[in-house]
Amino acid sequence: MKKVGILYDNISGKTGDVAIGLSLKKILREIGVDFDELFPGNFNPYDYDTIIIGGGHLIRPSPDFFYDKFKVPGPHVLNAVGILDSPQDLHYLEDYRYLTVGSSWDKEKLSYIKKDVHVVPCTTMLLEDLENIPVKLEGPSLGIHLLPQTFDEAQEEKFVEWISTLPFNIYFIPITHCNQDYISMMRISSKVKNSVLLPIMKPLEIFTLMGKLDYFIGCSLHGGIFAYIHNVPFILYNYNEKMFFFMKDRGLDRFTFTNLDEMIASFNFLLKDKPDYSRKISEDLDELKVHIERLKEILPSNGIGRINSSDESPQINNQIQNLQSQLTKYEAHIFDLTNQLREATSRAQKLDSEIAEIKRSIIWRMMMKFHHSFIERLLPQDTSRREIYDLGLRSGRIIADEGFGSLACEFKRYACNKALREKKHYDLVSPKELDNMRMQCETFKYNPKISIITPVWNAKVKWLKNAIDSVLNQVYGNWELCIVDDASDKPYIRELLDNYQKKDPRIKVKYLSENLGVSGASNEALALASGEFIGFLEHDDQLLPNALYEVILLLNRNTGADFVYSDEILISERGKPVYAYFRPDFSLDYMLSHCYIVHFVVIRANILKKIGGFRAEFKVSQDYDLFLRVLSQTRNVLHIPKILYGWRQYESSTGHLLKEKVMESSRRALQDFADREGIKGVVYGTKYFNFFRLKRDILDQPKISIIIPTKDRIDLLRRCIESIQNRSSYDNYEIIIVDNMSQEEETATYLDGLRKSYRIIKFNEKFNYSKLNNYAAKFALGDYLLFLNNDVEVLNSDWLEAMLEQSQRDEIGCVGAKLLYPDRKIQHVGVVVGWGGRAEHIYKWSHSNDIGYMGHFVSIRNYSAVTAACMMLRKSIFDEVGGFDESFEIGFGDVDLCLRVRELGYENLFTPYAELLHYESATRGRSLSFDPHPNDTKRFIERWQEYIKGGDPYYNPNLPLDSYDILPFVSW
């Protein structure tokens, strides 16, 4: 007989978790499945063919002593489970027979799993009311559940004052079964007239009670679920991620709040316009029926279910038996691994013998003699002759292994890299140039000391020497190097550092008796520093000799700069160039998506001292946290678009070994920044390492006016309109369709059918994109304008929210979306001014499943301009800038608008979280010489020639302005 177990959190006693267990048992009994109730860590998974892991936020990043017990490999079932944060170690789920999660966001977190993942409503919706419960409600009733510290003192006073004025009997309900909840509500309820603090009840009693309420305000997910399934109007306050996405998936996220005033206003709205959830409830129950049918197919039906969980003594005996069984299996596994190791060792020895035999052969000896006697002499290393010889050998290997196609790609990359070397984008400056820099240093009026701090721990001798020598070789001389050895146990470290300290008095060294970690050692180095500015150098990296010179040159031109960063190059363990990081000028939004600033960084010392240096609690993301706290003090950030730093990369570095901890620590640092800056929103880790999303709260529900110009081609327009209607979760929008002299009768019929829902206006003039949109904007009733082409198709449901959350910000002007060609290649992720001598979308035709250069495809970041094929901005800004310039009839009207918006002091921005297909010119070809609107191009170049000449601040002068493919220009 096949055995089935159910595994859920039956230890904590929280209402939601217990309710999930009850619902699972109910389902299995009804479909006739025999099961055991399992206790976390107290069962042998090998004893069960199928284990149903049920509900709650059970899946969390490791290590977690309790929740790791729910990560059970095997052919099991995941039942509407929630996923906390973004664990990246869930590949074992690919072996599961059926994967279901509780929300669309949970599904997104499993996007890297090669297995279908289904979103299923919480099974507690299937629970049934009891006939009797131990409490009786009287009169109009409002249920309230609060968590400890939901309010500060002032908010609590305001909440009590407001709640006391409502025409309800108030019932405070302990839902989560935490003592602190009960104590907190006891205090608050004592201040509220006509209120009762209910006793602690069982989950089914709470479930039944919720159906008897008239309204509910709560701080727990299951309080919301219980109210929802009974069609009781409710609000979730002080929500977390799982609560938000439960509401969002049902179109109810407008009833989730973290702001008390907004919550009060929304509740007053509820009283006036009571919502009806019955249609959505019916859909959820239908989905649960499908879920149950799927479980029927998977699980064996053996009659009435049983529960083995009676006495503590049998549980202990079972646990001992399970552990013994596991021990036996582990011993067998060790035996198998030992045999595998023995076989691998035998094969390695055999290969060693074969290699030794080859080396002893006459042919091998002759080849090596030829190589040393002829090749090394006639074609020495680092000569053009040797480069051609090595290139020929590599080409032969590529042709033999991968074919001529791969050879062509590699040759293209080689040619680009060679061109880069000739342009000296990364080469060391010449001795003559260094001499000129030294002479210029003597003319600087401002010569601040730069203290370079370097924590050291068991660094390799060669790398540590290179690091220190790179400081000694600086052209600019007013520096000090503050080294702190973090209790290294390698004896050569002290000897090496002592020698350098004797060599140059500008080198300060301190030895720690205990290991404090990077943050602690760096703070000790900061304490040694006496400079006006602090630079950061890792013990295995190196500065280019002109690094400090370039910083001082910039500071002489911009004395108010507080934070300076440069470009850098990634080098291999052997010091060879691998990859260049050519960064844009400062983009706060990009910084909040990804720590794109790494090296070389110089920061004003008094700011670092003011914020207290590094924080030990962010030990695997200490730089990111430090930079964000500096940015809370100053936005005087400048960028040097030159490679000044060599960053050594190797697999044993912290970032590679602790990816999960780095993600969570960085996420916390970002959330801390958001809270500190008063940004209302939640930071989420994405599926990409070191990339994040700060999801901002929509502050209200403003109307969006979507303006769509069209002329015939109703196949395009219909697809566009239907995608908006069917896929948009935000519903406060109007659509204004601008008919530009359509001729086809079919178009007139289709537009007449749309008049009931949307406004159709006529534009009976020759096509002029700018004039047409200006005309339509006059009819807009919304506070926000969304200019949209008729040849796009919406892909994600929260596209409007993703654009609105950015457009609502005071400092933001135009917001652009991620547009893909029908083959899912990139059409738009931002516009670079100066590209091709004018302006152009970058990265066109790149694969959208890639993150792009430095994560540009997946990061919210600033651009000079975005396309108006899908562009949102506030109507007030549109009016302030004077709308589109109507002299741009076809092209560049949107880019011109964006640049004029920038001149008003606003920033433009791209978000990857609004994603649409764009069918425009997908078959037009990729020729750079093709120009569909030469007059507009000429006008644009003439107007913005100074901007073009100065270079786009959100690009980089080292990157190409004539190639969509950046990779050959940045990699070796």
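A residue counts as buried under 20% relative accessible area, as exposed over 50%, and as partly exposed in between. The structure is a predicted model.

**Exercise 1. Met 741**

Task: Classify Met 741 as buried, partly exposed or exposed, and state where Met 741 lies.

Solution.
- Step 1. Met 741 is in the loop between S25 and H25.
- Step 2. Its relative accessibility is 30%, so Met 741 counts as partly exposed.
- Step 3. The backbone deserves a note: phi of Met 741 is near 60 degrees, a positive value in a residue other than glycine. Most residues other than glycine have a negative phi.

**Exercise 2. The helix that follows**

Task: Determine which residues of helix H25 are buried and how they are placed around the axis.

Solution.
- Step 1. In H25, residues 745-754, the buried residues are Thr 747, Tyr 750, Leu 751 and Leu 754.
- Step 2. These cover an arc of only 95 degrees around the axis, and therefore sit on the same side of H25.
- Step 3. Glu 745 and Thr 749 are exposed on the other side of H25.
- Step 4. The cover over the buried residues includes helix H24 (714-727), strand S25 (733-739) and strand S26 (759-762).

**Exercise 3. A second helix with two faces**

Task: Carry out the analysis for helix H3, giving its buried residues, its exposed face and its N-terminal cap.

Solution.
- Step 1. H3 spans residues 153-163, and Glu 156, Phe 159, Val 160, Trp 162 and Ile 163 are buried in it.
- Step 2. Viewed down the axis of H3, the buried residues fall within an arc of 165 degrees, so they line one face of the helix.
- Step 3. Exposed residues Glu 153, Ala 154, Glu 157 and Glu 161 are carried by the face turned away from the buried side.
- Step 4. The N-terminal end of H3 is capped by Asp 152, with a side-chain oxygen 3.2 Å from the backbone nitrogen of Ala 154.

**Exercise 4. Two helices in contact**

Task: Describe how H1 and H5 cross and which residues make the contact.

Solution.
- Step 1. The axes of H1 (residues 15-30) and H5 (residues 203-210) come within 9 Å and cross at roughly 95 degrees.
- Step 2. Angles of 65 to 115 degrees count as roughly perpendicular, so H1 is roughly perpendicular to H5.
- Step 3. H1 contributes Thr 15, Val 18, Ala 19 and Leu 22, while H5 contributes Pro 203, Leu 204 and Ile 206.
- Step 4. By type, the residues of this contact are six nonpolar, one polar and no charged.

**Exercise 5. Partners that are distant in sequence**

Task: For Lys 703 and Ile 640, give the location, the accessibility class and the contacts beyond four places in sequence.

Solution.
- Step 1. Lys 703 is in the loop between strand S23 (692-696) and strand S24 (704-710). At 29% relative accessibility, Lys 703 is partly exposed.
- Step 2. Beyond four places in sequence, Lys 703 touches Asn 732, Tyr 733, Glu 734, Leu 781, Gly 782, Asp 783 and Tyr 784. Lys 703 and Glu 734 are 31 residues apart in sequence, and their C-alpha atoms are 7.3 Å apart.
- Step 3. Ile 640 belongs to strand S21, residues 637-648, and is buried at 5% relative accessibility.
- Step 4. With neighbours within four places left aside, the contacts of Ile 640 are Glu 550, Val 551, Leu 554, Val 564, Tyr 565, Ser 566 and Asp 567. Between Ile 640 and Asn 956 the C-alpha distance is 9.9 Å, at a separation of 316 residues in sequence.
- Step 5. For the chain: among contacts between residues at least 6 apart in sequence, 75% join residues at least 24 apart.

**Exercise 6. A cis bond and a buried arginine**

Task: Locate the cis peptide bond that leads into Phe 600, then describe the surroundings of Arg 604.

Solution.
- Step 1. The bond from His 599 to Phe 600 is cis, with omega near -10 degrees. Most peptide bonds are trans.
- Step 2. Phe 600 lies in the loop between helix H19 (588-591) and S20.
- Step 3. Strand S20, residues 601-604, includes Arg 604. Arg 604 counts as buried, at 13% relative accessibility.
- Step 4. Residues up to four places away not counted, Arg 604 touches Tyr 446, Glu 532, Phe 533, Thr 559, Gly 560, Ala 561 and Asp 562.

Methods. Residues numbered from 1 in each chain as written. Predicted model: local features only at pLDDT ≥ 70, side-chain atom pairs only at ≥ 80, totals over all residues. Heavy atoms only, no water. Axes fitted to C-alpha atoms, helices over the stretch in contact; angles between N-to-C directions. Helix = DSSP H or I, 4+ residues; strand = E, 2+ residues; numbered from the N terminus. Parallel < 35°, antiparallel > 145°, perpendicular 65-115°, else oblique. Contact = heavy atoms within 4.5 Å. Nonpolar A, V, L, I, M, F, W, Y, C, P; charged D, E, K, R; others polar. Buried < 20%, exposed > 50% of the residue type's maximum accessible area, 1.4 Å probe, protein only. Arc of directions from axis to C-beta. Polar contact = N/O pair within 3.5 Å; in protein donor to acceptor, adjacent residues only side chain to side chain.
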